[in-house]
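Student: I would like a close look at one part of this model. Please take the aromatic residues and their surroundings, then work outwards.

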Amino acid sequence: VIWKPYVKLPELKLTKFIEFSRTKYGYREEQSLGLLVCHRYNIDDANNDLVNFVPYPDDWTPLEKQTFEIGFQEHGKDFHKIKMMLPDKSVNNIVKFYYIWKKTRSKYQTLKNKMKSRRSNVDSDEDPYDDLNEHKNKRIRMGSSSLITSSFTQSQI
């Protein structure tokens, strides 16, 4: 985060504000700083206004996701150790992300396995396009008039 306020702010007070907004209300650092900008760098006013906003759900950057995966490979479900690798995330947030990640990962794995089985069918005697060929043969058996109608309808779309 690039932070260049036009007003000199006490470093300790700013750090406490960011930490308080993160731990008490779930704000990310960027959101805390954004609220501070809205209050023209008045930390007390921004602090009083924290309760009036619901912070946007925590987004995970690609780097944070990659760091999580590395941490998960190294530490398994020891989320406290993973948190040490992701200091801006709470353990609760990491656990929530884990379940989302696990769900999407299992869907991805299922899709990957289906693609792998289709590739292995290509190597076998089975034609992976049997369904397509069967549909094509049905249309041809229906006669040339249905092909013309079908083609005409498709070209209009």
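Tutor: What follows starts with the ring pairs and moves on to the cores, a loop, the charges and the confidence.

This is a predicted model. The mean pLDDT of the protein is 76. Of its residues, 68% reach 70 or more.

Start with the rings. The structure holds 12 aromatic pairs. One of them joins Phe 68 and Trp 101. Their centres lie 5.2 Å apart, with 75 degrees between the planes. That geometry is edge-to-face. The pair links distant parts of the chain. Phe 68 sits in helix 4 (residues 62–75), and Trp 101 sits in helix 6 (residues 91–123). The two are 33 residues apart. Both Phe 68 and Trp 101 are buried.

Trp 101 has another ring partner, Tyr 98. Here the centres are 6.2 Å apart and the planes meet at 40 degrees, so the pair is tilted. Pairs over 60 degrees count as edge-to-face, and those under 30 as stacked. This contact is local: Tyr 98 and Trp 101 are three residues apart in helix 6, about one helical turn. Tyr 98 is buried, at 4% relative accessibility. Trp 101 is buried too, at 13%.

Now widen the view. Ring pairs join Trp 60, Phe 68, Phe 72, Phe 79, Phe 97, Tyr 98, Tyr 99 and Trp 101 into a cluster. One member of the cluster, Trp 60, also has a charged neighbour. Lys 89 lies over the face of Trp 60, 4.6 Å from the ring centre.

Next, the nonpolar cores. In soluble globular proteins, nonpolar side chains tend to be buried together. The largest nonpolar core here has 12 residues. Among them are Leu 9, Leu 14, Phe 17, Ile 18, Tyr 27 and Leu 33. Leu 35, Leu 36, Tyr 41, Ile 43, Ala 46 and Leu 50 belong to this core as well. Helix 1 (11–25), helix 2 and helix 3 each give two or more residues to this core. A second, separate core has nine residues, including Phe 79, Ile 82, Phe 97 and Trp 101. Phe 79, Phe 97 and Trp 101 are also members of the ring cluster.

Look at Tyr 27 in the largest core. Beyond residues up to four places away in sequence, Tyr 27 touches Ser 21, Arg 22, Ser 32 and Leu 35, among others. Its contacts also include Asp 49, Leu 50, Phe 53 and Pro 55.

Helix 2 deserves its own pass. Gln 31, Ser 32, Leu 33, Leu 35 and Leu 36 are buried in this helix. The buried list thus holds polar residue names beside leucines, including Gln 31 and Ser 32. What covers the buried residues of helix 2 includes helix 1 and helix 3.

After helix 2 comes Arg 40, with a positive phi near 50 degrees. Arg 40 lies in the loop between helix 2 (29–38) and helix 3 (43–49). Tyr 41 lies in the loop between those helices too. Phi of Tyr 41 is also positive, near 65 degrees, in a residue other than glycine. Are these two loop residues, Arg 40 and Tyr 41, buried or exposed? Arg 40 is exposed, with a relative accessible area of 68%. Tyr 41 is buried, at 13%. Tyr 41 is part of the largest core.

Then the charges. Side chains of opposite charge can pair when their charged atoms come close. The whole structure has five salt bridges. Arg 22 bridges to Glu 19, with the closest N and O atoms 2.7 Å apart. Both lie in helix 1, three residues apart, about one turn of the helix. Arg 22 is partly exposed at 23%, and Glu 19 is partly exposed at 36%. Arg 22 is also a contact of Tyr 27. Glu 30 bridges to Arg 28 at 3.1 Å. Glu 30 is partly exposed, at 41%. Lys 81 bridges to Asp 78 at 3.9 Å. Lys 81 is partly exposed at 42%, and Asp 78 is partly exposed at 28%.

Last, confidence by element. Helix 5 (residues 79–85) has the highest mean pLDDT, 96. Helix 8 (residues 144–156) has the lowest, 41. Over residues 131–157 the pLDDT is below 50. That stretch has six contacts in the model beyond near neighbours in sequence.

Methods. Residues are numbered from 1 along each chain as its sequence is written. This is a predicted model: local features need pLDDT of at least 70, side-chain atom pairs count only at pLDDT 80 or more; totals for chains, interfaces and linings use all residues. Side-chain values use heavy atoms; hydrogens and water are left out. Rings of Phe, Tyr and Trp (its six-membered ring) pair if their centres lie within 6.5 Å; planes under 30 degrees apart count as stacked, over 60 as edge-to-face and the rest as tilted. Helices (H or I, at least four residues) and strands (E, at least two) are DSSP runs, numbered from the N terminus. Buried means under 20% relative accessible area, exposed over 50%, partly exposed in between (1.4 Å probe, protein chains only). A charge sits over a ring if NZ of Lys or CZ of Arg is within 6 Å of the ring centre and within 35 degrees of the ring normal. A nonpolar core is a set of buried Ala, Val, Leu, Ile, Met, Phe, Trp, Tyr and Cys residues joined through side-chain atoms within 4.5 Å. Contact means heavy atoms within 4.5 Å. pLDDT is the predictor's confidence in each residue, from 0 to 100. A salt bridge is a side-chain nitrogen of Lys or Arg within 4 Å of a carboxyl oxygen of Asp or Glu.
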